[in-house]
Amino acid sequence: MSASSCIAIIGAGLSGLACARVLADCGISSEIFDKARGPGGRLTSRQLPGAVVDLGAQYFTAREKRFVSQVDAWCRAGLVAPWPERLWRIDAEGWQLHRDAQRRFSAVPRMSALTRAMAEGLTLHTQTRITGLEQCADGWWLADDKGHHHGPYTRVVITAPTPQALELVAPHDATLAADCRAVTQQPCWAGYALFDEPLPALPGVDADWQAAFVNVGPLGVVSRNDAKPGRQTQGESLTLLAGAKASADWLEDDADTVASRLLSAFESLYAQPLPTPRLLGAHRWRYAKPVGETTGPGYRLSALGLALAGDAFRASRVEDAWLSGHDLGQALAVEIGQ
């Protein structure tokens, strides 16, 4: 390949894919690398016996006009749909119906379906963990954990969480390294429970409630995966996202223990006996949510040809991840066109 015609993108989450899509629309080739088995990042879903559960974002909002326009296009294409439409809030006073004017969406039929659709037609290397970068006379080269080298590339875009991005940029660019160090990343435990029976109805709560914010105890969000668009034929299943404090306190605990704690916390709030789960588990996101204020255009781009993108450089919402990658793609296209 010619280094003058290709950009490497590390991370196949929403930021990396949004960047790659802009580049492709401008006729600029890219290659995407991700350590996972497929694209998704924090829009990850897991196929389990009889159910699909979303392990990262349960839904996303649309506020900024460019992202609103993109979400509307995804809706027309059948990739996303409004959800949840029956949202509740659980606090010390119990269950309360949550009403606001915010638009919320879920991908169809699972969150990872959106990133898989975005990846269509792009060059994607999965199960490839990039461990180092080297700048040579012919461009940038990437080293992976299997001892392979990929390149040369004119530029390298890194959309991995900032602690992982730091390891890649620190040997080459002190400014980008400082940008990575300036971001704090909070962890998150995501539990899931599958049932053979539907949940019993709660007095005063719609039997078909879809999701709930939790403002008491270790839980942060509970959602019913079987209530999401395109999944009505699967059995009852819950995703149980721990709050920030519980996730940090339990960071190094084993997944089975955390899953049991999360289900017990929900049971204590439900006021009706839950069916015995046929499957219970949890997934740890060590770097789930960036915190702190950021400035600048929502990405970082250095004269060396290295760039950083992701929600860490805007805010922690899904739309911020998309906007960061999208805007970086446009900036690169302008730079390359000069």
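These legends accompany close-up views of a predicted model. Local features are described where pLDDT is at least 70 and side-chain atom pairs where pLDDT is 80 or more, whereas totals for chains, interfaces and linings use all residues. Residues are numbered from 1 along each chain as its sequence is written, and side-chain values use heavy atoms, with hydrogens and water left out.

**View 1. The second largest pocket and its lining.** The second largest pocket has a volume of about 180 Å³; a pocket is an open set of points on a 1 Å grid over the protein atoms alone, where a 1.4 Å probe fits, with protein on both sides within 12 Å along at least five of seven lines, and its volume is the space filled by probe spheres set on the points. Of the 13 residues that line this pocket, Pro 84, Glu 85, Arg 86, Leu 87 and Arg 104 are the closest to its centre, a lining residue being one with an atom within 4 Å of a point. The lining divides into 5 nonpolar, 2 polar and 6 charged residues, where Asp, Glu, Lys and Arg count as charged, Ala, Val, Leu, Ile, Met, Phe, Trp, Tyr, Cys and Pro as nonpolar, and the others, Gly among them, as polar.

**View 2. Strand β9 and its antiparallel neighbours.** Strand β9 (residues 104–107), like every strand here a DSSP run of E with at least two residues, is covered on both faces, with Arg 104 and Ser 106 buried on one side and Phe 105 and Ala 107 buried on the other; buried means under 20% relative accessible area, exposed over 50%, and partly exposed in between (1.4 Å probe, protein chains only). Strand β5 (residues 60–61) runs antiparallel to β9 and is joined to it by 2 bridges, while β6 (residues 80–82), also antiparallel to β9, is joined to it by 3 bridges. Phe 105 in β9 is the bridge partner of Phe 60 and also of Pro 82.

**View 3. The salt bridge between Asp 91 and Arg 89.** These side chains meet with N to O at 3.5 Å, a salt bridge being a side-chain nitrogen of Lys or Arg within 4 Å of a carboxyl oxygen of Asp or Glu. Asp 91 is buried, at 16% relative accessible area, whereas Arg 89 is partly exposed, at 25%.

**View 4. The salt bridge between Arg 284 and Glu 252.** The closest N and O atoms of this pair are 3.4 Å apart. Because Arg 284 lies in strand β19 (residues 279–291) and Glu 252 in the loop between α6 (244–249) and α7 (255–270), the pair ties together parts that are 32 residues apart in sequence.

Conventions:
Helix = DSSP H or I, 4+ residues; strand = E, 2+ residues; numbered from the N terminus. Pairing = 2+ DSSP bridges.
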